[in-house]
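Visitor: Before we start, I'd like to hear the reasoning behind each label you use. Could you take me through it slowly?

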Amino acid sequence: MEIKYKNYGRSLIVYFYGELDEYSASETKNIVDRLIEDNLNSDKVVFDLSGVTFMDSTGIGLLIGRYKKVRRFNIPIYIQGASVATEKVIEIAGIYKIMPKI
Amino acid sequence: MENKNKMRLTFDSLSQNESFARSVVSCFALQLNPSISEISDIKTAVSEAVTNAIVHGYSQGLGEIILECEIDGNKLHINIIDNGIGIENVDQALEPFFTTREEDERSGMGFTIMKSFMDEVKIDSKKGLGTKVYMTKVIKTDS
Ligand SMILES: Nc1ncnc2c1ncn2[C@@H]1O[C@H](COP(=O)(O)OP(=O)(O)OP(=O)(O)O)[C@@H](O)[C@H]1O
Ligand SMILES: [Mg+2]
């Protein structure tokens, strides 16, 4: 998994590329957490999942975990670009209820 | 006319083998001409069962995971077997959002995903002996 980011006005956009599973989760988690901590002045965080080629429940845990962290700073997270397959996993866990799709 | 085939494979409980297991099963399934969405359902379900064997079954240390696939007509049977710690209460483990590892940011959705992505899922587990997950996907023609 590879992570890239862009600051767009006061939005932090985080781009996920590759397979999100147990093998890639812990490194991904650390990188994304550091990015968010470096951008606490953001109004919102957007996770762009258009580059995710595979995701399972480990990815659900990772997304919910980031949501719980960022909530403490009152910054909303949004999700964009999930593929049909990724979206199927996201929706089964109701992730869009806490991190809306944009 | 009779469409039968099977394979069996053993690998170490290392997380880098998750993508290997997913790929092997999806390649094996290709002979049934599955749709893209059927393939991605199968890959996700395999990943769930293999991840569970690694992070729960063999949480105490490295072990071996057995992966069996069998084609019977338009059905693909997949068995994922570990000799790890086993599941104390299977009914509870099957409930959405139930996890024994919340501290590791697990969501407890693995079995729920397996059940909704596959046509049949059966779990046979004994504490201290290990866990067998049996799953079946019916490949629809003209899907
Ligand atoms: N192979 C296994 N060996 C031992 N225990 C298991 C095994 N598979 C599942 N379990 C138990 O069943 C519970 C539920 O599994 P499930 O896959 O639904 O959720 P999870 O793995 O905890 O979280 P997630 O899959 O969302 O990351 C686990 O928390 C674990 O206690
Ligand atoms: Mg699981």
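Guide: What follows is a round of questions and answers on a predicted model.

Visitor: Let's begin with the cysteines. How do you know that C27(B) is in no disulfide?

Guide: A disulfide needs two cysteine sulfur atoms within 2.5 Å. Over all chains, the count by this rule is 0. For C27(B), the nearest cysteine sulfur belongs to C69(B) and is 11 Å away, so with a cut-off of 2.5 Å the pair doesn't qualify. Coming from the other side, C69(B) has the sulfur of C27(B) as its nearest, again at 11 Å, and is in no disulfide.

Visitor: Is C27(B) buried or exposed, and what makes you say so?

Guide: The label exposed takes a relative accessible area over 50%. C27(B) has 52%, so exposed is the word for C27(B).

Visitor: And why is C69(B) called buried?

Guide: Buried means under 20%. C69(B) has a relative accessibility of 2%, and therefore counts as buried.

Visitor: Over to chain A, then. Why is D48(A) called buried?

Guide: The cut-off is again under 20%, and D48(A) comes in at 7%, so buried applies. D48(A) sits in strand β3 of chain A, which covers residues 44–55.

Visitor: What does D48(A) touch, leaving out residues up to four places away in sequence?

Guide: D48(A) touches I13(A), V14(A), Y15(A), F16(A) and Q80(A). Take F16(A): F16(A) and D48(A) are 32 residues apart in sequence, yet their C-alpha atoms are 6.3 Å apart in space.

Visitor: What makes helix α4 of chain B mostly covered?

Guide: Helix α4 runs over residues 110–117, and 6 of its 8 residues are buried. Those buried residues are G110(B), F111(B), T112(B), I113(B), M114(B) and F117(B).

Visitor: Which elements cover the buried residues of α4(B)?

Guide: Elements of both chains are involved. From chain A, the cover includes α2 (57–71) and α3 (84–92). From chain B, it includes α2 (36–57), α3 (90–93), β4 (120–126) and β5 (130–138).

Visitor: How do you know that the radius of gyration of chain B agrees with a compact globule?

Guide: Chain B has 143 residues, and a compact globule with that many would have a radius of gyration near 15 Å; chain B has 15 Å, so the value agrees. Its C-alpha trace spans about 45 × 30 × 25 Å along the principal axes.

Visitor: What about the radius of gyration of chain A?

Guide: For 102 residues the globule value is near 13 Å, and chain A has 12 Å, which agrees too. The C-alpha atoms of chain A fill a box of roughly 30 × 25 × 20 Å along the principal axes.

Visitor: How much of each chain is buried?

Guide: In chain A, 53% of the 102 residues count as buried. In chain B, buried residues make up 51% of the 143.

Visitor: In what order do the elements run in each chain, from the N terminus on?

Guide: Chain A has 4 helices and 4 strands, running β-β-α-β-α-β-α-α. Chain B has 4 helices and 5 strands, and the order there is β-α-α-β-β-α-α-β-β.

Visitor: Last one: how far apart are the centres of the positive and negative side chains?

Guide: Chain A has 14 positive and 13 negative side chains, with the two centres 7 Å apart. In chain B, the mean positions of 15 positive and 22 negative charges are 4 Å apart.

Note on methods: Residues are numbered from 1 along each chain as its sequence is written. Chains are lettered from A and ligands numbered from 1 in the order in which they are written. This is a predicted model: local features need pLDDT of at least 70, side-chain atom pairs count only at pLDDT 80 or more; totals for chains, interfaces and linings use all residues. Side-chain values use heavy atoms; hydrogens and water are left out. Helices (H or I, at least four residues) and strands (E, at least two) are DSSP runs, numbered from the N terminus. The radius of gyration is taken over C-alpha atoms; the globule rule is 2.2 Å times the number of residues to the power 0.38. Buried means under 20% relative accessible area, exposed over 50%, partly exposed in between (1.4 Å probe, protein chains only). Lys and Arg count as positive and Asp and Glu as negative; His and the chain ends are not counted. The place of a charge is taken as NZ of Lys, CZ of Arg, CG of Asp or CD of Glu. Contact means heavy atoms within 4.5 Å.
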